[in-house]
Every structure is written in structure tokens, then in C-alpha cells.
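Reader: Please take me through one part of this model with care, and set that part in the context of the whole chain. I would like a connected account rather than a list.

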Amino acid sequence: MQLHRISAENHAGDPQAALAAARTISLKALPSVERRSRALGDIAVTYDRLGRRSDCVRTLLAAERCAPEETHARPATKALISSLLVSGPTPMELRGLAERSGVVV
């Protein structure tokens with residue numbers, strides 16, 4: 001399944017392949033909001049690894065809109081948010097997401 005390929009390609013160090021896999025997925029076709037949120041979280045990681053910070057933040061916010069509890073509780077997502085806070089500009093939207101996720105701002 002392409003959904004798992006996003007994570008696998010990121011883990012293997014190939015964010016371009018992860019992004020290609022993400023482009024083949026219809027998020028609306030996924031069976032649950034939790035799966036959509038997880039996919040969006042993996043896509044956010046991909047954007048982060050590609051240096052596409054604004055796309056990363058935008059995708060994290062989309063994951064939060066999809067399944068807030070999942071986004072706020074997932075350790076990998078919280079780690080990504082924390083990393084974004086210390087690695088560059090922190091728009092208000094990112095600070096808000098960090099606060100809602102319990103990540104120290």
C-alpha cells in the first residue's frame with residue numbers, strides 16, 4: 001500500500017520517493033480520519049526533509065483539522081513540531097499548534 005511507502009521512503013532517507021508515493025494517495029479514500037491524519041503527518045515529515053517548511057506547517061495544520069486528538073498525541077508529530085520551533089521562523093499558526101499539542105513553546 002502506498003500509504004506505508006511514504007513512511008518507508010522517509011525512513012530509508014529518500015524524501016523525493018516519499019513525496020512521489022504521497023502524490024498517488026487519495027486522502028479522502030482512506031477509511032478513517034486517523035489514517036488521513038497519519039498520512040498527513042508522514043507527508044509533513046517529507047516536506048520537512050525536503051526543506052519545504054511552509055508546506056510542512058500547512059500539512060501539520062491539515063492533519064490537526066482532520067484528527068486533532070491524533071495529531072496532538074502522536075510522539076513523532078510532537079517531535080517534528082518541536083524541531084520546527086527551534087529550526088527557523090515560527091509563524092503564529094505553528095506556535096498555536098505547538099501549544100495545542102503540549103509542546104513547550
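**Helix 2 and its surroundings**

Author: From the N terminus on, the elements of this predicted model run α-α-α-α-α-α-α, which comes to 7 helices and 0 strands. Helix 2 (15-22) is the part I shall look at closely, but a few words on the whole protein will help to place it. The C-alpha trace spans about 35 × 25 × 20 Å along its principal axes. The radius of gyration is 13 Å, which agrees with the value near 13 Å that a compact globule of 105 residues would have. Of these 105 residues, 42% count as buried, and the accessible surface comes to about 5700 Å², with 54% of that area belonging to carbon and sulfur atoms. Among the contacts with a separation of 6 or more, residues 24 or more positions apart account for 50%.

Against this background, helix 2 is mostly covered, since 6 of its 8 residues are buried. The residues in question are P15, A17, A18, L19, A21 and A22, and they pack against helix 1 and helix 3. Two residues, one from each of these neighbouring helices, show how the packing is made.

The residue from helix 1 (residues 2-11) is N10, which counts as buried because its relative accessibility is 6%, under the 20% limit. Leaving out residues up to four places away in sequence, N10 touches P15 and A18, and also D42, V45, T46 and R49. P15 and A18 are both among the buried residues of helix 2, while T46, another partner of N10, has its place in helix 3 (residues 33-49).

T46 gives the view from the other side. With a relative accessibility of 1%, T46 counts as buried, and its contacts, again without residues up to four places away in sequence, are I6, N10, P15, A18 and L19. P15 and A18 therefore appear in the contact lists of both N10 and T46, and L19, a further partner of T46, is likewise one of the buried residues of helix 2.

L19 also leads to the largest pocket, since the lining of that pocket consists of L19, A22, R23, I25, L27, L40, I43, Y47, R58, T59 and A62. Helix 2, helix 3 and helix 4 (53-66) are the elements that give two or more residues to this lining. By class, the lining has 8 nonpolar, 1 polar and 2 charged residues, and the space in the pocket is about 160 Å³. L19 and A22, both found in the lining, are buried residues of helix 2.

Another lining residue, L27, is in contact with R36, which lies in helix 3. R36 is partly exposed, because its relative accessible area of 22% falls between the limits of 20% and 50%. Apart from its neighbours within four places in sequence, R36 is in contact with K28, L30, P31 and C66 as well as L27. The C-alpha atoms of R36 and G88, 52 residues apart along the chain, are separated by 27 Å.

Helix 4, which also contributes to the pocket lining, leads on to the later helices. L60 has its place in helix 4 and counts as buried at 1% relative accessibility. Residues up to four places away in sequence aside, L60 touches A44, T71, T77, L80, I81, L84 and L97. L60 and I81 are 21 residues apart in sequence, with their C-alpha atoms 8.5 Å apart in space.

L97, a partner of L60, lies in helix 7 (residues 92-101), and at 0% relative accessibility it counts as buried. With the same sequence neighbours set aside, L97 touches L60, L61, E64, T71, H72 and I81. The buried residues of helix 7 are L94, G96, L97, A98 and S101, and what covers them includes helix 4, helix 5 (68-73) and helix 6 (75-87). Helix 7 is followed by G102, whose phi is positive, near 75 degrees. The C-alpha atoms of L97 and L3, 94 residues apart along the chain, are separated by 24 Å.

To return to the part requested, helix 2 packs its buried residues against helix 1 and helix 3, and it is also one of the elements that give two or more residues to the lining of the largest pocket.

Definitions and conventions: Residues numbered from 1 in each chain as written. Predicted model: local features only at pLDDT ≥ 70, side-chain atom pairs only at ≥ 80, totals over all residues. Heavy atoms only, no water. Helix = DSSP H or I, 4+ residues; strand = E, 2+ residues; numbered from the N terminus. Buried < 20%, exposed > 50% of the residue type's maximum accessible area, 1.4 Å probe, protein only. Contact = heavy atoms within 4.5 Å. 1 Å grid on protein atoms, 1.4 Å probe; cavity = no way out; pocket = protein on both sides within 12 Å on 5 of 7 lines; lining within 4 Å. Points joined across faces, edges and corners; volume = space filled by probe spheres on them. Nonpolar A, V, L, I, M, F, W, Y, C, P; charged D, E, K, R; others polar. Rg over C-alpha atoms; globule rule 2.2 N^0.38 Å. Areas by Shrake-Rupley, 256 points an atom, 1.4 Å probe, with all protein chains shown as cover.
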